[in-house]
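User: I should like to learn how to read the features of a structural model. Please take me through them one by one.

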Amino acid sequence: MPDEQREEHGAAGALSGERVSPPASFVEQANVSDPGIYDEFEADWPECWAAAGDSLDWETDYDRVLGGDGPPFRWFEGGRLNASANCLDRHLEDRKNQVALQWEGRLGESRTYSYLDLHREVNEFAAALRELGVGADDVVTLYLPMVPELPIAMLACARIGAPHSVVFAGFSADALATRMDAADSEYLVTCDGYYRRGAPIHQKNTADNAAIEREGDVEATVVVDRLGNGAPLGDGEYDYDDLVAEHRGATVDPVPRAASDRLFRIYTSGTTGEPTGVRHTTGGYLAYAAWTAQAVLDIKPEDTHWCSADIGWITGHTYTVYGPLALGATTMLYEGTPDYPEKDRVWDLIERNAVDVFYTAPTAVRAFMKWGEEYPDAHDLSSLRLLGTVGEPINPRAWRWYHEHIGGGECPIVDTWWQTETGGAMVSTLPGVDDMKPGSAGKPLPGVGAEVVDADGDPVDPGETGYLVLTRPWPGMPESMAEQDGWFAQRESVRPSLERFDWAYFTEDGATVDEDGYVTLLGRVDDVINVAGHRFGTMEIERVLADVEGVAEAAVVSGPDDLKGEALYAYVSAAEGVSEDDLRAAVHDAVEDAIGAIAVPDVVVFTPDLPKTRSGKIMRRLLEAVTHGDDLGDTSALRNPEVVGEIESALDDPPT
Ligand code: WTA
């Protein structure tokens with residue numbers, strides 16, 4: 001990346017020494033304001049995580065904070081709990097009439113659920129699921145947009161000990177079928193359709209197509225009537241409202257689960273062509289979600305919290321559903337898009353709901369910045385106390401804009417680094433303790449082991465580039481890592497040497513660290529691309545392209561994008577005699593069918609050939625450098641140097 005662009009999209013702000021202190025008024029009221037927390041946690045590791053465990057209600061107390069001196073790691077060993085009881089039942093005594101869930105619909109309608117309401121409907125739906133045959137450990141797939149029935153179904157599953165698997169509503173039939181088969185899931189909750197930019201999308205048709213493509217059977221499908229047309233139902237299909245009405249007033253005792261029992265699975269993109277299933281535990285994950293929600297997002301029970309991520313991704317699981325509800329706060333759910341019907345929709349919602357904490361993606365901040373400050377300026381945003389970002393690096397210019405125009409210069413910003421795999425935030429400032437450095441996420445959270453190392457596994461000097469490695473287990477770790485002996489990496493071949501650590505996890509992120517231990521993220525070093533905070537495996541998309549008739553060869557790499565930080569660039573060489581226009585449309589349709597509209601490449605570049613080594617391997621790094629306009633480095637291994645010029649001119653002259 002050229003330096004100028006890095007200033008825009010990466011780290012340079014942090015290296016320039018800019019520091020912003022949290023205002024005293026924030027520090028005074030912060031959940032965590034004692035800088036001693038870092039040393040305290042350090043001195044008492046892993047016992048320090050009792051702070052997270054003890055924030056939950058346990059049906060059976062745990063015997064040890066971390067069982068097992070080595071893998072398998074058992075967080076809160078011996079303990080039994082239920083996630084739905086922790087998010088609902090335990091709040092009834094103190095706050096049954098407080099709003100638990102505030103839903104803002106696409107078409108301007110809204111629904112408000114008190115803790116009592118939410119508890120009631122979760123119980124009723126849990127009873128319905130049971131009657132449909134869902135037992136403990138049966139995986140229930142939830143293929144729903146941002147409607148209240150989604151968190152309700154999640155909590156109903158948790159209540160009866162059935163792990164949920166939420167599949168992002170924008171994924172295609174193929175993608176849904178693959179995920180249901182991989183999870184061996186026989187139960188589906190979906191909806192008839194939903195509105196996007198005012199137009200209905202027929203979700204049930206997609207779900208029906210997935211059922212046809214599936215290898216396994218579907219025992220029961222529950223359909224939420226979102227479009228209000230009374231969707232026709234076939235055999236084994238049930239209307240959500242009818243089910244809930246049939247179970248009116250039913251109560252279901254929360255099933256106590258072992259701390260290490262599975263709460264849910266979620267699919268994300270890895271370096272292989274297949275989506276990776278990440279499995280999170282009931283005790284460790286929930287404790288970590290709650291602990292980080294109070295320490296990092298400073299959520300208090302009386303707060304209204306708005307995490308704008310879709311629940312289809314991990315961010316929505318942790319900071320829309322489980323974290324805020326475990327703390328007894330009000331969580332807000334918004335079905336629509338930020339610019340519909342007007343570009344002030346987000347600010348209008350914040351004003352109307354007096355939102356205290358707003359958590360979003362840097363891509364969204366850059367879009368708000370582009371639309372202009374007149375939209376936020378027209379609203380009273382003084383209820384906001386804290387702002388957050390997640391999913392990608394935030395460039396200093398966007399950070400400053402967010403700080404000034406949304407936070408009025410008064411709200412600290414937490415730039416939280418984490419992954420689907422980590423369950424919750426891992427690297428961030430503590431907003432009531434640390435100074436912020438625009439562009440840099442901050443230090444590893446108290447108790448978290450994170451280091452930036454070189455290829456030999458040695459710590460890099462301040463300012464040097466290296467790999468971010470997590471060096472200690474943490475409560476939010478997924479099952480696969482808890483079970484892993486030694487070092488954990490997605491790919492054995494490309495990782496720094498980790499021999500110096502008893503246990504370590506390579507995050508596949510590049511980073512630098514400064515003298516104060518602040519980590520600045522530089523992006524993925526594997527073949528995963530982060531577009532607008534969503535993860536895509538290049539191989540997953542390349543596989544789809546390779547199957548398109550008329551495509552001879554294709555490679556997908558990351559390219560620059562002002563708004564999204566990164567964009568998906570597909571380089572395609574066409575077979576003889578194939579029209580580029582036809583192929584462009586075919587490429588678009590194939591990706592939309594196989595994965596979903598969100599994975600359709602932003603730019604498709606046709607090239608007679610792809611840059612290759614003498615042994616015929618596609619030089620993806622070189623392709624990425626050309627795309628970014630970077631220095632190409634050593635190109636002596638390149639068999640066909642002439643293609644570089646051809647690609648450069650194709651990039652200069654993009655198709656419209
Ligand atoms: C990137 C999202 C810079 C990173 C919670 C990571 C970030 C990937 C940040 C995980 C941040 C996440 N600054 N980069 N604050 N947060 N990332 O699994 O590359 O969808 O590996 O989890 O997002 O994406 P995932």
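Analyst: The discussion begins with conventions and then takes up the ligand, the cores, single residues and the backbone.

The model is predicted, so local features need pLDDT of at least 70 and side-chain atom pairs count only at pLDDT 80 or more, while totals for chains, interfaces and linings use all residues. Residues are numbered from 1 along each chain as its sequence is written, and side-chain values use heavy atoms, with hydrogens and water left out.

User: Which residues around the ligand come nearest?

Analyst: A residue is near a molecule if one of its heavy atoms lies within 4 Å of it. Here 17 residues surround the ligand, and Asp415, Thr416, Thr420, Asp509 and Arg535 come nearest. By class the shell holds six nonpolar, six polar and five charged residues. In this scheme Ala, Val, Leu, Ile, Met, Phe, Trp, Tyr, Cys and Pro are nonpolar, Asp, Glu, Lys and Arg are charged, and the others, Gly among them, are polar.

User: Which atoms of the ligand lie 2.7 Å and 2.6 Å from polar side-chain atoms of the protein?

Analyst: A polar contact is a pair of N or O atoms within 3.5 Å; within protein, one must be able to donate a hydrogen and the other to accept it, and residues adjacent in sequence count only if both atoms are side-chain atoms. A nitrogen atom of the ligand is 2.7 Å from a side-chain N or O atom of Asp415. An oxygen atom of the ligand lies 2.6 Å from a polar side-chain atom of Thr420. The protein covers 96% of the 530 Å² of accessible area that the ligand has on its own, by the Shrake-Rupley method with a 1.4 Å probe; for residues, only the protein chains shown count as cover.

User: Which elements give two or more residues to that shell?

Analyst: Helices (H or I, at least four residues) and strands (E, at least two) are DSSP runs numbered from the N terminus. Those giving two or more residues to the shell are α14 (314-326), β20 (413-416) and β25 (519-524).

User: How many residues does the largest nonpolar core have?

Analyst: A nonpolar core is a set of buried Ala, Val, Leu, Ile, Met, Phe, Trp, Tyr and Cys residues joined through side-chain atoms within 4.5 Å. Buried means under 20% relative accessible area, exposed over 50%, and partly exposed in between (1.4 Å probe, protein chains only). The largest core has 124 residues, and those with the most contacts inside it include Trp49, Leu118, Tyr322 and Trp474. Helix α13 (residues 283-295) supplies the largest share of this core, nine residues. A second, separate core of 36 residues includes Phe171, Val531, Leu545 and Val551.

User: What does Leu118 touch?

Analyst: Contact means heavy atoms within 4.5 Å. Not counting residues up to four places away in sequence, Leu118 touches Leu88, Ala100, Leu101, Tyr113, Ile152, Leu155 and Leu325.

User: Is Ser269 buried or exposed?

Analyst: Ser269, in strand β14 (residues 262-269), is buried because its relative accessible area is 8%. Its side chain makes a polar contact of 3.2 Å with the side chain of Glu540. Beyond four places in sequence, Ser269 touches Thr276, Val528, Arg535, Phe536, Gly537 and Glu540.

User: Is Lys617 buried or exposed?

Analyst: Lys617 is exposed, because its relative accessible area is 59%. Lys617 lies in the loop between β30 (603-606) and α22 (620-628). Leaving aside neighbours within four places in sequence, Lys617 is in contact with Pro611 and Lys612.

User: Where does Asp435 lie?

Analyst: Asp435 is in the loop between β20 and β21 (450-453). A polar contact of 3.0 Å joins the side chains of Asp435 and Ser21.

User: Which peptide bond has omega near 0°, and what is the phi of Phe76?

Analyst: Most residues other than glycine have a negative phi, and most peptide bonds are trans. Here the bond from Trp45 to Pro46 is cis, with omega near 0°, and Pro46 lies in the loop between α4 (37-43) and α5 (50-53). A cis bond also joins Tyr340 and Pro341, with omega about 0°.

Phe76 has a positive phi of about 55° although it is not a glycine. Phe76 belongs to strand β2 (residues 74-77) and counts as buried because its relative accessibility is 0%. Asp184, which follows α10, has a positive phi near 55°.
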